[in-house]
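Colleague: I've got the model open and a list of things to ask before I go back to the bench. Can you walk me through it?

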Amino acid sequence: DLVRVANFGAGPSALPLSVLEEAQKGLIDFNGTGIGIAEISHRSKEFQAFVDQFEQNIRTQLDVPSTHRILFTQGGGTAQFSAVVLNLLARHRLLHPNATPEETTLDYVVTGSWSKKAAEEARRIAAGHGTVRTVVDARVYSKDGKSFDNIPPHAEFQFSPAPALIYYCENETVDGVEFAHDAASPASFPFDRLQPAGALVPLVADYSSSFMCRPIPRLADHAVIYAGAQKNIGPAGLTILIVREDCIVDVDTAAKLGATPVPLILSYKVLADSKSLYNTPSVFAIYVAGLVLERMKRHGGLAHYEAVNKRKAEKVYAAIEEGEQKGVFRRKVQQGSESWMNAVFEVLGEDAEKKFLEGAEKDGMKGLKGHRSVGGIRVSLYNAITEEEVDKLVAFMTQFIEDLK
Ligand code: PMP
């Protein structure tokens with residue numbers, strides 16, 4: 001008999017069983033072609049029709065305006081750490097051919113491990129061409145002075161007047177810190193501080209671990225939004241990009257003016273001109289993600305997922321809170337900055353964490369160990385995690401608190 005556990009892992013992570021069953025069939029015969037999805041040409045009309053529908057599903061559900069292209073590529077979020085720098089430095093060079101490296105600023109909002117990593121990669125790539133600035137470092141505002149546990153107050157974000165890019169990570173998967181979507185929250189992204197207001201600001205967002213879990217606030221104000229598929233919508237090997245037209249630039253002309261040459265496969269223009277089929281894409285990953293998006297549409301799209309994800313997160317945070325009050329758990333993230341997708345906490349007491357993980361596993365729940373760099377417990381609550389699975393985890397947490405208090 002089939003035994004599947006509740007997989008609370010951070011990525012690759014749970015996918016809906018119905019999609020996996022459908023994909024099993026597609027592996028043998030893709031849409032009646034008599035050829036399996038891992039075997040079919042990416043240039044076949046059947047696959048191209050599938051990609052078009054996938055793109056349309058993203059555009060409709062996220063309400064992506066016609067000013068933005070939707071592109072598919074590989075290399076994960078990590079490749080985009082480099083690609084956004086290269087493409088936006090090229091754009092900046094075309095706009096300001098004589099700008100010095102000191103005048104060419106790249107603004108990084110550092111709220112967690114992934115944005116920190118992205119800023120480090122930017123320093124490597126931009127060396128000699130631009131200056132990477134840390135707009136704000138959330139550790140300065142943390143409780144212990146060294147952890148990523150908060151979204152800093154809006155007034156602390158010091159953007160440059162005309163940067164080549166402004167970068168943030170919407171949901172920090174490791175640290176469990178996320179920008180609030182309610183614009184009135186002090187933990188929301190300070191869009192209104194961007195300079196110059198209303199212009200084509202080169203705002204870049206890493207949505208790897210929160211893509212398609214709810215609508216994207218002020219999507220149209222972004223230059224580039226990117227996400228690896230392997231958390232909310234599919235297998236690893238597919239990266240989704242939403243790129244505003246003015247950021248799809250001729251990188252070769254920019255290189256003639258002194259910008260760094262851009263590898264073809266990282267160039268947004270190459271991807272856009274080839275309709276994301278410059279080279280062989282990750283056909284299977286696109287297929288599974290496409291099935292997930294179809295299923296989301298049947299369920300009522302993002303409005304449905306937003307409501308469910310909110311309830312899931314509230315239940316888990318309520319259990320963490322209860323554990324904190326009884327001295328069994330300790331929350332790690334400051335109030336208001338908690339992630340819906342990755343809830344992190346500590347289990348207090350010697351060997352208690354081990355006991356928690358073992359107990360959960362015995363009850364059919366895995367993937368709860370925090371990232372190796374920070375430890376503790378991390379509950380990832382991506383779209384494929386059902387409310388029933390959350391209820392089961394919360395019941396386990398409640399019992400654990402009872403037993404330990
Ligand atoms: N950004 C975020 C927010 C992530 O969670 C991850 C991966 N966990 C990455 C970037 C890196 O992505 P990849 O492993 O796909 O390169």
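Colleague: What share of the 405 residues of the protein counts as buried?

Modeller: Keep in mind that this is a predicted model. To count as buried, a residue needs 20 or more other C-beta atoms within 10 Å of its own. Of the 405 residues of the protein, the share that passes is 47%.

Colleague: What radius of gyration does the protein have, set against a compact globule?

Modeller: The C-alpha atoms fill a box of roughly 70 × 60 × 30 Å along the principal axes. For 405 residues, a compact globule would come out near 22 Å, and the protein agrees with that, so the value you want is 22 Å.

Colleague: And how many helices and strands am I looking at?

Modeller: Plenty of the chain's contacts reach far along the sequence: of those between residues at least 6 apart, 72% join residues at least 24 apart. As for the secondary structure, the count is ten helices and 14 strands.

Colleague: How far apart are the C-alpha centres of domain 1 and domain 2?

Modeller: The domain assignment makes domain 1 out of 8-12 + 301-404, and domain 2 out of 45-296. Between their C-alpha centres the distance is 28 Å.

Colleague: Which element gives the largest share of the side of domain 1 that touches domain 2?

Modeller: The contact takes 26 residues from domain 1 and 29 residues from domain 2. On the domain 1 side, α8 (301-325) and β12 (342-347) each supply at least two residues. By class that side has eleven nonpolar, eleven polar and four charged residues. The largest share is five residues, and it comes from α8.

Colleague: Let's stay on that helix. What distance separates the end C-alpha atoms of α8?

Modeller: α8 has 25 residues, and at 1.5 Å a residue they should span 36 Å. The model agrees with that expectation, because the end C-alpha atoms of α8 are apart by 37 Å.

Colleague: What do the buried residues of α8 pack against?

Modeller: The buried residues of α8 include Leu302, Tyr305, Val308, Lys312 and Ile320. After the helix comes Gly327, with a positive phi near 75°. The packing partners of the buried set are α2 (45-62), α7 (283-298), β11 (329-331), β12, β14 (377-380) and α10 (387-404).

Colleague: Now the ligand. Which helix gives the most to the shell around the ligand?

Modeller: The ligand is surrounded by residues including Gly11, Gly76, Gly77, Thr78, Trp114, Cys169 and Asp206. The shell divides into two nonpolar, eight polar and one charged. The top contribution, three residues, comes from helix α3.

Colleague: Trp114 caught my eye. Which elements do the buried residues of α4 pack against?

Modeller: Trp114 is one of the residues around the ligand, and it is also among the buried residues of α4, along with Ser115 and Lys116. Helix α4 (residues 113-126) reaches 20 Å from its first C-alpha to its last, close to the 20 Å expected. The buried residues of α4 pack against α3, β3 (105-110), β4 (131-137), β5 (165-169), β6 (171-172) and β8.

Colleague: Gly11 is in that shell too. What is omega for the peptide bond that joins Gly11 and Pro12?

Modeller: Pro12 sits in the loop between β1 (6-7) and α1 (17-28). There is another cis bond from Gln195 to Pro196, with omega near -15°. The bond joining Gly11 and Pro12 is cis as well, with omega at about -5°.

Colleague: Is Met212 buried or exposed?

Modeller: Met212 lies in the loop between β8 and β9 (224-228). Its phi is positive, about 65°, although it is not a glycine. Met212 has 27 C-beta neighbours inside 10 Å, so it counts as buried.

Colleague: And Ser276, buried or exposed?

Modeller: Ser276 is in the loop between α6 (268-273) and α7, and its phi is positive too, at about 65°. Since Ser276 has 21 other C-beta atoms within 10 Å, it is buried.

Colleague: Last one: how far apart in space are Ser18 and Val292, C-alpha to C-alpha?

Modeller: Ser18 belongs to helix α1 and counts as exposed because it has 12 C-beta neighbours inside 10 Å. In sequence, Ser18 and Val292 are 274 residues apart, but in space their C-alpha atoms are separated by 9.3 Å.

Terms used
Residues are numbered from 1 along each chain as its sequence is written. This is a predicted model: local features need pLDDT of at least 70, side-chain atom pairs count only at pLDDT 80 or more; totals for chains, interfaces and linings use all residues. A residue is near a molecule or strand if its C-beta atom, placed from the backbone, lies within 6 Å of it. Helices (H or I, at least four residues) and strands (E, at least two) are DSSP runs, numbered from the N terminus. Ala, Val, Leu, Ile, Met, Phe, Trp, Tyr, Cys and Pro count as nonpolar, Asp, Glu, Lys and Arg as charged, and the others, Gly among them, as polar. Domain bounds come from an automatic or database domain assignment. Two residues are in contact if their C-beta atoms, placed from the backbone, lie within 7 Å. The expected span of a helix is 1.5 Å times one less than its number of residues. The radius of gyration is taken over C-alpha atoms; the globule rule is 2.2 Å times the number of residues to the power 0.38.
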